[in-house]
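Visitor: Please take a close look at one part of this model: the contact between its chains. Keep it brisk, and show how that part sits in the rest.

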Amino acid sequence: MAEFLQFFFSGLTVGAIYALVALGFTLIYNASDVINFAQGEFVMLGGMTTVFLGLAGVPLPLAALVAVIATVAVGLALHRFAIEPARGASAVTLIMITIGASIFLRGAAQVVFDKRFHGLPHLFGTEPIRLGGAAILPQSLVVLVGAACVVVLLWLFIDRTLLGKAVIATAANRLAARLVGINTGRIVGLSFAVSAAIGAVAGLLVTPIALTSYDVGTLLALKGFAAAMLGGIGSALGAVVGGLLLGMFEAFSAGYVSSKYKDAVAFLVILAVLFAMPQGLLGRGRVERV
Amino acid sequence: MATLKSAVAMGAAAVAALIVGGSPAAAQIKIGAVLSVTGPASFLGDPEKKTLEIYVEDINAKGGVNGQKLQLVVYDDGGDANNARTFATRLVDQDKIAAMVGGTTTGSTLAMIPVFEEAQIPFISLAGAIQIIEPVRKWVFKTPHTDKMACEKIFADLKRRNLTTIAMISGTEAFSKSMRDQCAAVAPKMGITIAHEESYGPRDSDMTPQLTNIKGKAGVQAVVNPGFGQGPAIVTRNYRQIGITLPLYQSHGVASKQFIELAGPAAEGVRLPAAGLLVADKLADNDPQKSVVVNYSRTYQQKTGQAVSTFGGHAYDGLMILVQAMQRAKSADKAKVRDEIEKTKGYVGTGGIVNMSPTDHMGLDLSAFRMLEIKNGDWTLVP
């Protein structure tokens, strides 16, 4: 029983990390049908900027705030200088642009920061909470709560504000959205800014557990993307469900099957789910109205 | 205007004359290096390059070798073995080097070996794997200790503590895998039983399931973690998190202050094998390596503003072994220098005391490794 509980806690820890990263994909996807593969670099920027400002003597809360703002600036720049000039291009082209941007950001981070690993202090210390013979770090719960907050805020934003409606409208039909007076370019820009902020916050909360380095974004984004697909891309709740499930698959297959095959098992399950439900667990099938 | 022009022309001619006329008088010895200065292995290649540059300059300032200045030709393979081979060919055909130091990674080194064997140029590699010098190749040498020695050092320490049944948890990337294989191969010979094995991916952020399985395994007396990068730090934290109290051994792959910072208080009591360079200031004053490692770390820190790593130390050793061989050979003749490198005896370097022979082109023994234990957030030497 203690073992089961420990695997569950591990799944929760890893799953919360994936969920938080996966959440970053939703808004940009909703606004522009683009899967932003530079999302992982937003996570990296959030963590690394905080670490380096901290090393330079800036108090951590302030460093974290500056890191989020800096990452938002990078997100806006990415939109302004890479996405916006190609606004007529297809979604696939835009996705390729984001891949290029992610490589660029990783390279720049190597030069601006360094190539070593870094960590941040845990918010509530490293003394694990012990329960039924298993142990979980308080920071894991912080990540989980962080993911929950982002979900609620995103839901409030999309469903309860006019701006959020404009995002949905832009996604549904850009031409029609423009006809009713929505500045679609600005809306997509906004989605990049908010996604960058979510990524940076994810970086802040995740770094104490997963540590960070200039190339942390690649694999985090891959796992986050898998989680988002599993849960249904574009759905905030789906991102969280997908992330947690992916974490659980990994933890339980590492625990009960073999640590060698844990990633394989996790991805097999995702494949199986997507075969049965191509739009993901909570994704809405897109209805094309003619 | 005309005078200015002619003055410039004269100046240029004078400079040209200096370059052309100067070179035969003070002929240069070209030393080649192909290093992974950028890319995934840059944390190895970068200090290696800096070290070579610092010491080539230093040697030249002191008059060079046998009255000749050294000229360093460095290429960056970006961690790609294909590039390394291309650059090796260029060093041989175009640059016409006299000797070679470098080859940061095992992959790059193995790709370059045929080039230098064929061209018959002495080649001192800075990479880890034992395959570089086993079987012995006439022109190939290396300075770093091997994974196998790290395993042997750990197992010897286990035996001294009467611990013979262990579990192993290792990463899946190249370094960890190679070390895991070496440990598994050498364990039976040293009377160590590996009762259980687990692995983790290079970017995993939680290893508690694997460690829970190790915890539940009866009879395990210690845990060994061949690993690299951030993985071992997370393993160490998770280890304490789920309350395992068995002795934990990390590898020389994480032998840096950074590991202690990342693992935090969980690192307390962890043991690992490492080169004397890392604990330069903690070595006894009568330790033969003391002055070498203290001097090297002081110089490197002064010139670069960065902390020393063992990798830069490997480059230092490679260069010094080569230079001393050239001094003994009293020339830069390739065959003579090769013979002298092979005769290196009692060279005290950052990696240990080197005694090469026709059958051993590395020349280090287990004394090159120190067993360290982390206490109060710092290294202590295990006697």
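Guide: What follows begins at the contact and then works outwards. This is a predicted model, in which local features need pLDDT of at least 70 and side-chain atom pairs count only at pLDDT 80 or more, while totals for chains, interfaces and linings use all residues. Residues are numbered from 1 along each chain as its sequence is written, and chains are lettered from A and ligands numbered from 1 in the order in which they are written.

Start with the count. 25 residues of chain B are in contact with 26 residues of chain A (contact: C-beta atoms, placed from the backbone, within 7 Å). Five elements of chain B each give at least two residues to the side that touches chain A: helix 2 (42-61), strand 7 (193-200), helix 7 (208-215), helix 8 (231-241) and helix 9 (257-263). Helices (H or I, at least four residues) and strands (E, at least two) are DSSP runs, numbered from the N terminus. Helix 7 of chain B supplies the largest share of that side, five residues. By type, the side of chain B that touches chain A has 15 polar residues, seven nonpolar and three charged. Here Ala, Val, Leu, Ile, Met, Phe, Trp, Tyr, Cys and Pro count as nonpolar, Asp, Glu, Lys and Arg as charged, and the others, Gly among them, as polar.

Now helix 7 of chain B itself. Eight of its eight residues are buried (20 or more other C-beta atoms within 10 Å of a residue's own; exposed is 12 or fewer, partly exposed is in between, and C-beta atoms are placed from the backbone). They are Thr208(B), Pro209(B), Gln210(B), Leu211(B), Thr212(B), Asn213(B), Ile214(B) and Lys215(B). What covers them? From chain A, the cover includes helix 1 (2-32) and helix 10 (236-257). From chain B, it includes strand 6 (165-171), strand 7, strand 8 (222-225) and helix 8.

Next, the partner. Chain A has eleven helices and two strands. Their order from the N terminus is α-α-α-α-β-β-α-α-α-α-α-α-α. Buried residues are 52% of the 290 in chain A. The C-alpha trace of chain A spans about 60 × 50 × 35 Å along its principal axes.

Then the core. The largest nonpolar core has 204 residues (buried Ala, Val, Leu, Ile, Met, Phe, Trp, Tyr and Cys joined through C-beta atoms within 7 Å). The members that touch the most others are Ile17(A), Ala19(A), Leu20(A), Leu23(A), Ala147(A) and Leu322(B). Beyond four places in sequence, Ala147(A) is in contact with Ala16(A), Ala19(A), Leu20(A), Leu23(A) and Val240(A).

For another helix of chain B, take helix 3 (residues 81-95). Its buried residues are Ala84(B), Phe87(B), Ala88(B) and Leu91(B). Seen down the axis, they fall within an arc of 110°, so they line one face of the helix; the arc is that of the directions from the helix axis to the C-beta atoms. On the other side, Asn82(B), Asp93(B) and Gln94(B) are exposed. The cover of the buried residues includes strand 1 (28-35), strand 2 (69-76), strand 3 (99-101) and helix 4 (106-119) of chain B. Lys96(B), with a positive phi near 50°, follows helix 3 of chain B.

Methods
Contact = placed C-beta atoms within 7 Å. Expected span 1.5 Å × (residues − 1).
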